[in-house]
Amino acid sequence: MKPVLRVDDMRAVDADALGAVSEETLVERAGTAVATWAIRLLGGTYGRHVVVVAGKGNNGADGRVAAARLRARGAKVTVVEAADAPARFGRPGTVDLLIDAAYGTGFRGTYRAPAVPAGVPVLAVDIPSGVNGDTGEACGEPLRADLTVTFAALKTGLLQGDGLLLAGQVEVADIGLDVSRARMWVVEDSDVAALLLPRPRDAHKWQSAVAVVAGSPGMTGAAGLCARAAYRAGAGMVRLAIPGGDPADLPVSEAVGTPLAVDGWSTAALAMAERCKALVVGPGLGRAATTVADVRDLVGRATVPVVVDADGLYALGTGDEIAAALGSVPRAAPGARERSAVLTPHDGEFARLSGAAPGPDRISAAQELARRGGAVVLLKGPTTVVADPAGNVLLATAGSPRLATAGTGDVLSGAIGAFVARGVEPHHAAALAAHVHGRAAELGPSEGLVAGDLADLLGRWLSGVRRA
């Protein structure tokens, strides 16, 4: 996993390092890293013209060191003070690269960057100037970078808000700083292989069984997608119950149907989940008062980890009601406040649960809801935020617009349930599933991907990781 830091955390890391290494040394290392990436971006230095926009702080100092390194390699370099920069740089063909070293993660205010001729690549130092280092909000008119070279660790402002779009390709340069204080990490492919262990040779279906309570008469699609995804993500058995539905008409033939009444079904659903290792509840259930009561009773008395999605989230209520609704859901570890429950809201569901929309700092918003609810919160988005009540955050950045179609959330909840059933603790299971969800979508068509395709692609992507 790649560590991620907020601005204040990065300042603390810098301060800790100054006892062992000088600030000048750190600037030299950072500037050299920028120059190295600039050369890669240019494809060489001979005859190339590089413009460096440099501010007064360390960001500008990094840019000046990069300028010196590039000159030494034969490039023509012009250093322009950020405060004196023109409204526009050069004509097409007169500039080969612009290095944005005007302002760093600590900048506060409004920045209007100079215009750059079409086709001229931009390399940002640490973060595009004018982008808030914590929230990713653009303050003014920053340049969109083709490449951002950041130092020691990713910054939250590069992973959310406008920063996600303005940073371009992001590369982390190691300049010898200790970032072990990080409490946020970005999930990578290798984490899936490391944490999602292969099923043992003597595996049987009950070892990774998932119970799914979802759907309603005439609305079985969500239930089917959830159950199918759980199987494709490695569940050995899926027990599917659709309140008021006929088990003979299950949308997934491999699922084992359990009859449930239209209402008053929570006790029967608990019995169904007894031999399972995880319970998924919510997709397509509806929001009738009796359904809300049954969901709250089921979740409150569950004896296995619970994934709550869609209409299940509606039933939990708002604010401090959530922790009460989770009731006796088992805690993740003795003495831990975290219950083994995962809540998976999109923005609208999040606003109802918390009382307000996530706002620009989605990471902080998810952390606060997780703290108040005493559960893992997975906030869906271009960067999916998965926070636990202790404040630890895992980020999944593999999402894409391909996932913006009906039913993909049902697929995600089924995958989380399967990963929990396979023995991954809920916080990691939710983050791994969000990563796999996005990566699997990349195997599908760029246009016209539907949730049914995605469920089947989960197994294909996971099989590829296991072979790698």
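Rings of Phe, Tyr and Trp (its six-membered ring) pair if their centres lie within 6.5 Å; planes under 30 degrees apart count as stacked, over 60 as edge-to-face and the rest as tilted. The exercises below use a predicted model, in which local features need pLDDT of at least 70, side-chain atom pairs count only at pLDDT 80 or more, and totals for chains, interfaces and linings use all residues. Residues are numbered from 1 along each chain as its sequence is written, and side-chain values use heavy atoms, with hydrogens and water left out.

**Exercise 1. Aromatic rings**

Task: classify the pair Tyr103 and Tyr111, then place Phe107.

Solution.
- Start with the total: the structure holds three aromatic pairs.
- Take Tyr103 and Tyr111. Their centres are 5.3 Å apart, with 75° between the planes, and the pair is edge-to-face.
- Next take Phe107 and Tyr111. Their centres lie 6.5 Å apart and their planes stand at 80°, so this pair is edge-to-face.
- Join the residues: Tyr103, Phe107 and Tyr111 form one aromatic cluster.
- Now check burial (buried means under 20% relative accessible area, exposed over 50%, partly exposed in between; 1.4 Å probe, protein chains only). Tyr111 has 8% relative accessibility, so it counts as buried. Tyr103 has 26%, so it counts as partly exposed.

**Exercise 2. Charges over rings**

Task: find which ring lies under Arg40, and which under Arg275.

Solution.
- Apply the criterion: NZ of Lys or CZ of Arg must be within 6 Å of the ring centre and within 35 degrees of the ring normal.
- Arg40 lies over the face of Trp37, 4.3 Å from the ring centre.
- Arg275 lies over the face of Trp206, 4.0 Å from the ring centre.

**Exercise 3. Asn59 and Asp126**

Task: describe the surroundings of Asn59 and the backbone of Asp126.

Solution.
- Locate Asn59: it lies in helix α3 (residues 58-72). Helices (H or I, at least four residues) and strands (E, at least two) are DSSP runs, numbered from the N terminus.
- Asn59 has 9% relative accessibility, so it counts as buried.
- List its contacts (heavy atoms within 4.5 Å). Residues up to four places away in sequence aside, Asn59 touches Asp100, Ala101, Ala102, Tyr103, Gly104, Val125 and Asp126.
- Move to Asp126. This residue is in the loop between β6 (122-125) and β7 (140-141). At 11% relative accessibility, Asp126 is buried.
- Read its phi: near 75°, a positive value in a residue other than glycine. Most residues other than glycine have a negative phi.
- Compare Ala310, with phi near 50°, also positive. Ala310 sits in the loop between β16 (306-308) and α9 (311-316). Its relative accessibility is 15%, so Ala310 is buried.

**Exercise 4. The sheet**

Task: trace the partners of strand β1, then name the edges of the sheet.

Solution.
- Set the rule: two strands pair if DSSP finds at least two bridges between them.
- β1 (residues 2-5) and β11 (residues 184-186) run antiparallel, joined by three bridges. Lys2 stands opposite Val186, and Val4 opposite Met184.
- β1 and β9 (residues 154-155) run parallel, joined by two bridges. Leu5 has Lys155 as its bridge partner in β9.
- Write the order of the open, twelve-stranded sheet: β9-β1-β11-β20-β19-β18-β17-β16-β15-β12-β13-β14, with mixed pairing.
- β9 and β14 (256-257) stand at the edges. Each has a single partner strand, so one side of each is left without a neighbour in the sheet.

**Exercise 5. Cores and overall form**

Task: find the residues with the most contacts inside the largest nonpolar core, then judge how compact the protein is.

Solution.
- A nonpolar core is a set of buried Ala, Val, Leu, Ile, Met, Phe, Trp, Tyr and Cys residues joined through side-chain atoms within 4.5 Å.
- The largest core has 56 residues, and Val212, Val411, Ile416 and Phe419 have the most contacts inside it.
- Helix α14 (residues 426-441) gives this core its largest share, nine residues.
- Beyond neighbours within four places in sequence, Ile416 contacts Val307, Thr344, Leu378, Ala429, Ala430 and Ala433.
- A second, separate core has 51 residues, including Met237, Leu298, Val299 and Ile322.
- Count the secondary structure: 15 helices and 20 strands.
- Take the radius of gyration, over C-alpha atoms; the globule rule is 2.2 Å times the number of residues to the power 0.38. The protein has 25 Å, close to the 23 Å that the rule gives for 468 residues, so it is as compact as a globular protein of that length.
- Finish with burial: buried residues make up 55% of the 468 residues.
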